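Colleague: Please take a close look at a single part of this model, the surroundings of its DNA, and explain each term as you go.

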Amino acid sequence: MRTKNIEEEEEEVEEEEEFEEAEEEEEEEISIKAETPQNTPPSIVLTVTYDGKVGKALVKLYDPVNDRVYFWYDNTGHRPYLLTNVKPEELVTKFAKVILHPGFSHLEVVEKYDPLNDTKVVLTKVVAKDPLSIGGRADSIRELLPKTWESRIRYHLCYIYDNEIVPGMFYKIEDGRLVPVPIEIPSEVEDFVKKLYSNDPDFLEESRRWIPLFQAPVPNIKRLAVDIEVFTPQENRIPNPREASYEIISIGLAGSDGLRKVLVLRRPGMELKPEDLDDLMYDDVEVEFFDSEYEMLREFFTILLQYPILITFNGDNFDLPYIYHRALKLGFRKEEIPIIIRRNEASIPLGIHIDLYKFFNIRAIEVYAFGGKYRGMDRTLDTIANAIVGMSKLSRDKTVSHMSYVELINYNFRDAFLALYLTTYDNNLVLRLIMLMSRISKTPPDDLVRSQISAWIRNMLYYEHRRRGWLIPDKEDIIKIKGDVATKAIIKGKKYAGAIVLDPMPGIYPNVFVLDFASMYPSVIKRWNISYETVKCPDEKAKNNRPIPELPHWVCNDRRGLTALIVGLLRDLRAYVYKKLAKTAQDPALRSYYNVVQSALKVFINASYGVLGADIFPLYCPPAAELTTALARYVLSRTVLKALELGLVPIYGDTDSLFIWNPDENKLKELIEWVEKEFGIEIELDKVYRLVAMSGRKKNYVGILSDGELDIKGLVGKKRNTPDFAKEAFNEVVHLLSTIKSLDDVNKVIEEVRSKVREYYKKLQRREIPLNKLAIRTTLTKPLEAYTKNTPQHVKAALQLKNLGYKVEPGDVITYVKTTGKEGVKPIQLARIDEVDPNKYIEYLRTSLEQVLDAFGIEFESVMGSSIIDNYS
DNA sequence: GCGGACTGCTTACCT
DNA sequence: ACAGGTAAGCAGTCCGCG
């Protein structure tokens, strides 16, 4: 009998192995091909892949002017390889298995710069005939050698790095060669950068390579959004796409070229009267009926082949595998189906497939590109479209199987349209964002939408290593050489100390100025030259160069840190060039484009520090991350001291912000200038609050901006899992308190608050508040059986649901109420209003209101007191 | 056997 | 599946107490 712990450990190991496997090259076998001309007009690189049949890297290009896809196959003889420190002669004698490997091609000797050890190294390059001979199989060459470098890089990415191909940029085929198309740089940009970096040739040179990526336009690439509806005999059962047992009853198609079409399967017993068509929601949608599903799919394949980009919502795991397997069942041969199915993704032979479900699930996209607009919601097309473009799916009261033709057509087309619209709204914002991020990260768009930010930044930096002839270090070597961290995190289980949060004084403060260190961590990284190779570098001389005495880490100043250079450059270009151009460019269309550029840059800048401290990141370097946060703490605390010295009154600060109460504006200016001079990083006035109510708790305040807008931070009344009634009470009280204009109002307003609270109290006691307003909504983050340490309330409720046959999975939001019963909770589906425990909800009322009342120095009890007496009198 | 003090787990938030 | 810091609620444990 095995113990739980061993099982858990084994599970973890299995997960890691899966992750590794996913990194391996999956060879694409392409049977439907585009033309391969010797010369083409400027075309955009859609993706780079490895064509297993041809045995070569393949670049897929799209020519937006002539609406054509071109294939360019490698003709430089580039092959997959790895690097090893085993000498060629030793390979022959001691590692003959490598030479005898069926995939072995030849050996080369290469010289590289090893940034970790700051030395030149001579290594053996083992070249293979195909990617799987390098790695990915149990007997790959990688497994035969004691030590290898760069052997885990997927071949198509390796090809991109070596040939300096930037996905999403313009290239043309010229006499069979793939050449970049020069991009014109506006003189205002050129001049500005020249001035900015007049004393910094490294940055100036690097900026020249990057600016074209941002100046090249993103064309409105033709694309087709697809959504299918499948007959389902049972309600609430999603058909299995591998089995594809049921008919595809319709296919919704929406193209950026104006195509609006639904293919519909005629089914027995279903009639369509001509007048029914009057109920079509969209009169310009073309409807085509088919007697055979086979013919319908054939028509679909014909249309699909006319588009370089396919857009779906969850097409990787549902629509495309379903269509594929259904087509096989109906008698199509593999080569006739223009869909390629892999383990976790689906692609198309001529172009690329973008699964928006995957894209919107990328954390960095959710947080930095969309400002958390759909945070904490479920990730359906309906919620995401609603949150981002304010459009919903059509509501339905029956399954698609029970819909009339017209209902089906309306429903199906809307879904396809929504998927397309998510890429076209706001001047193709999402398409532009994807393409720009592909350029920055050197990640093909189809990879980009399926990977997290750590993979993007990895690709970005690997590319820079190769371009410079640097050896890409082995992750274990970085950890071995850089050693341990020197600080302790406050939070148990974290690796090193992070940000500093100042203790706020409770109270009401009029006229509060909020200063903000603009992208604090990236600025610190640039200013102190932080990079995995510069922090704790091997150079003895550098050991005296410790940026802060409290930390033993030193930094090399002789050579420019790669991370410092790239992150610093991206930060500068965003702050000084593209944020400005987004406001000042003459042409509104250009302003909108520059705004996407600055958003794309923001995603990378904001995540650049985080990856340094993330152990899944291949250039993971804890001391570098630790030094970054330590310097940020140092900068903020020194700034507080200086503010006090100047007679300013800092009342709060968190990580990179400083709240100053009613400052003398000259002193404030002096502080800002001091910071820039002292640290060489910028601090700016972020906002001015007419009034701030500090509850006395950290990360917890209400501010009123000059336009009257409320900034509510961290308060319980705002949290997603707070019952609606408590949120309402909170909002009403905040609103009442915000009407206080002068001291004279205070008593009157407090009296209003008192009666408001009393009203809620009575309603709770009389059970007049409906169940849905009492419901607590908590996310289940793990499978039920993984809650081994204790059983939180939402898990108790989820268990009750499970016992009744409901399916409960991680990510589900459990909605429950607190009851007087034994368990103390009931899922809302099972609860009655008379079972709820009013006392528990009075506690909710208390906490959510206390946080705001504290700021006004009002005791919750003093507000409640009379109401309790009322109740019993 | 019960309640208060305490610790640890869990979730949602802030920067 | 980019980081650490904070608030809050609850589960579970320990300890004292005739």
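Modeller: The description begins with the surface near the DNA and then follows one helix away from it.

This is a predicted model, in which local features need pLDDT of at least 70 and side-chain atom pairs count only at pLDDT 80 or more, while totals for chains, interfaces and linings use all residues. Residues are numbered from 1 along each chain as its sequence is written, chains are lettered from A and ligands numbered from 1 in the order in which they are written, and side-chain values use heavy atoms, with hydrogens and water left out.

DNA strand C is surrounded by 34 residues, where a residue is near the strand if one of its heavy atoms lies within 4 Å of it. The closest are I491, R697, K818, T847 and Q851. Of the atoms of DNA strand C that come within 4 Å of the protein, 78% belong to sugar and phosphate.

Three polar contacts to phosphate oxygens can be followed in detail; a polar contact is a pair of N or O atoms within 3.5 Å, and within protein one must be able to donate a hydrogen and the other to accept it, with residues adjacent in sequence counting only if both atoms are side-chain atoms. For Q851, the distance from a side-chain N or O atom to a phosphate oxygen of DNA strand C is 2.6 Å. The corresponding distance for T847 is 3.0 Å, and a polar side-chain atom of K494 lies 3.2 Å from a phosphate oxygen of the strand.

The surface near DNA strand C comprises 15 nonpolar, ten polar and nine charged residues. Here Ala, Val, Leu, Ile, Met, Phe, Trp, Tyr, Cys and Pro count as nonpolar, Asp, Glu, Lys and Arg as charged, and the others, Gly among them, as polar.

At least two residues of this surface come from each of α19 (588–612), α25 (793–803) and α26 (838–855). Helices are DSSP runs of H or I with at least four residues, numbered from the N terminus. The greatest contribution is that of α19, with four residues.

The helix α19 also packs with α15 (residues 453–468), at an angle of about 95° and with the axes 10 Å apart. Axes are lines fitted to C-alpha atoms over the stretch in contact, and angles run from 0 to 180 degrees between N-to-C directions. The two helices are therefore roughly perpendicular, a term for angles of 65 to 115 degrees. In this contact (heavy atoms within 4.5 Å), α15 contributes I453, S454, W456, I457 and M460, and α19 contributes V603, F604, A607, S608 and V611. Eight of these residues are nonpolar, two are polar and none is charged.

Technical notes
Parallel < 35°, antiparallel > 145°, perpendicular 65-115°, else oblique.
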